[in-house]
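Got the model open? Let's go through what some of the labels on it rest on.

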Amino acid sequence: PPEEVEDASEPTKRDRSHLENTLKLNEEKPADDVSGVLQRLRKIYHSSIKPLEHSYRYNELRQHEITDGEITSKPMVLFLGPWSVGKSSMINYLLGLDDTPYQLYTGAEPTTSEFTVIMHGPKLKTIEGIVMAADSTRSFSPLEKFGQNFLEKLIGIEVPHKLLERVTFVDTPGIIENRKQQERGYPFNDVCQWFIDRADLIFVVFDPTKLDVGLELEMLFRQLKGRESQIRIILNKADSLATQELMRVYGALFWSLAPLINVTEPPRVYVSSFWPHDYHPETHRDLFLKEEISLLEDLNQVIENRMENKIAFIRQHAIRVRIHALLVDRYLQTYKDKMTFFSDGELVFRDIVEDPDRFYIFKSILAKTNVSKFDLPNREAYKDFFGINPITSFKLLSQQCSYMGGCFLEKIEKAITRELPDLLGSIGLGKKPNVLSCDVTGCGETPKNRYRKP
């Protein structure tokens with residue numbers, strides 16, 4: 001039969017030495033001791049950020065409570081994109097899993113229907129999603145809230161690989177256009193958002209032979225807003241096209257993504273073929289190899305900056321919690337001002353929630369505090385938020401003070417402007433002093449892109 005003939009001309013495998021060299025997989029390097037920094041980070045989080053977060057139920061707004069497992073977790077690399085663009089093949093290739101029993105399934109059909117977390121373990125084994133979510137020492141316990149249907153679609157694979165000692169990969173189900181969330185049986189976008197919020201590097205992978213930017217992909221890019229410095233776009237399977245064709249596709253990809261990503265600096269695009277087989281003859285192998293090495297260097301950068309990223313992540317989180325608290329406080333103050341002895345509280349508050357701009361709620365926050373307008377949550381979110389949490393169940397910020405503990409708001413502001421930047425300085429960042437000092441970032445503006453070489 002013809003299949004056997006194909007087997008006989010097995011495509012040659014590519015040399016992997018550049019992978020090992022760039023990712024420094026063979027170096028026995030001393031594990032830098034970050035446990036002290038992590039402990040201080042945990043302490044700042046619990047004493048200065050969490051009280052405000054709880055008091056104003058921030059996790060119901062962003063579904064984002066930070067667990068201790070998350071503070072200590074490894075950097076996470078997330079693979080997103082349409083189905084069958086080679087996400088799983090790319091992970092197999094980076095980890096050398098091909099032809100082992102643990103390679104991720106790949107093929108032309110939509111094969112990955114699960115969120116697969118590939119992490120380090122002493123020996124190869126698979127872990128059920130339900131078990132992963134139940135284990136509070138892992139950073140995946142918050143995923144329980146997406147329900148049983150989702151946990152059945154979550155799977156963990158432990159692999160004894162050097163790279164995974166430093167980083168965790170997450171493979172996602174391909175985006176299938178014109179497919180409703182209901183058909184998936186769990187809130188796909190919310191789950192994606194959960195992973196996006198925590199990823200240190202996000203690879204959005206495309207196949208140049210089938211570029212269609214449909215609705216689900218547009219949704220995805222909307223969710224990636226604010227994470228632009230983590231996004232890398234990958235034009236995979238690049239050796240399957242002739243050069244001229246590839247240039248056209250490259251242009252088309254940028255053209256269709258431009259309206260979705262409005263940043264001054266477009267995300268980095270890597271053009272190569274990320275799988276173990278040799279490049280097609282007559283294609284730009286030198287270029288593809290260079291692109292691959294620079295992608296690996298990017299990955300290395302994330303591993304080396306992991307503590308800085310952690311601190312920046314907690315600080316960004318604190319900024320959001322603070323804004324949320326200021327907003328709830330403002331809603332509450334407005335409500336108290338409008339209430340009279342005879343008014344119906346429910347109706348008074350409904351007015352405020354329906355049209356916060358009439359009461360200058362969002363404007364006043366921008367006016368009186370160093371809050372960037374890009375960090376303001378959207379107004380609609382507060383309709384839902386107050387729909388579940390009655391305004392009367394909150395206290396004003398001015399009342400959230402104690403003689404011993406000080407005021408919640410002051411503590412979180414001190415964490416944002418002093419404690420977290422100081423902690424960052426203590427990592428021995430001789431090379432970049434005070435990256436997060438307020439003069440640079442305006443304490444609320446987005447931090448500079450850490451992965452750009454100056």
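Q: What makes the 51 residues a nonpolar core, and which of them touch the most other members?
A: A nonpolar core is a set of buried Ala, Val, Leu, Ile, Met, Phe, Trp, Tyr and Cys residues joined through side-chain atoms within 4.5 Å; in the largest one, of 51 residues, Ile314, Leu327, Tyr331, Phe349, Ile352, Tyr382 and Phe386 touch the most other members. Helix 14 (306-338) is among the elements giving two or more residues, and helix 14 gives the most, with 15. This is a predicted model, where local features need pLDDT of at least 70 and side-chain atom pairs count only at pLDDT 80 or more, while totals for chains, interfaces and linings use all residues. Numbering runs from 1 along each chain as its sequence is written, and side-chain values use heavy atoms, with hydrogens and water left out.

Q: Why are Tyr382, Phe385 and Phe386 said to be on the same side of helix 17?
A: All three are buried in helix 17 (residues 379-388), meaning under 20% relative accessible area, with exposed being over 50% and partly exposed in between (1.4 Å probe, protein chains only). They cover an arc of only 90 degrees around the axis, so they sit on the same side. The face turned away from the buried side carries exposed Asp384, Gly387 and Ile388.

Q: Why is helix 3 called roughly antiparallel to helix 18?
A: Their packing angle is about 160 degrees, with axes 10 Å apart. Angles under 35 degrees count as roughly parallel, over 145 as roughly antiparallel, 65 to 115 as roughly perpendicular and the rest as oblique, so this pair is roughly antiparallel.

Notes
Helices (H or I, at least four residues) and strands (E, at least two) are DSSP runs, numbered from the N terminus. The arc is that of the directions from the helix axis to the C-beta atoms. Axes are lines fitted to C-alpha atoms, for helices over the stretch in contact, and angles run from 0 to 180 degrees between N-to-C directions.
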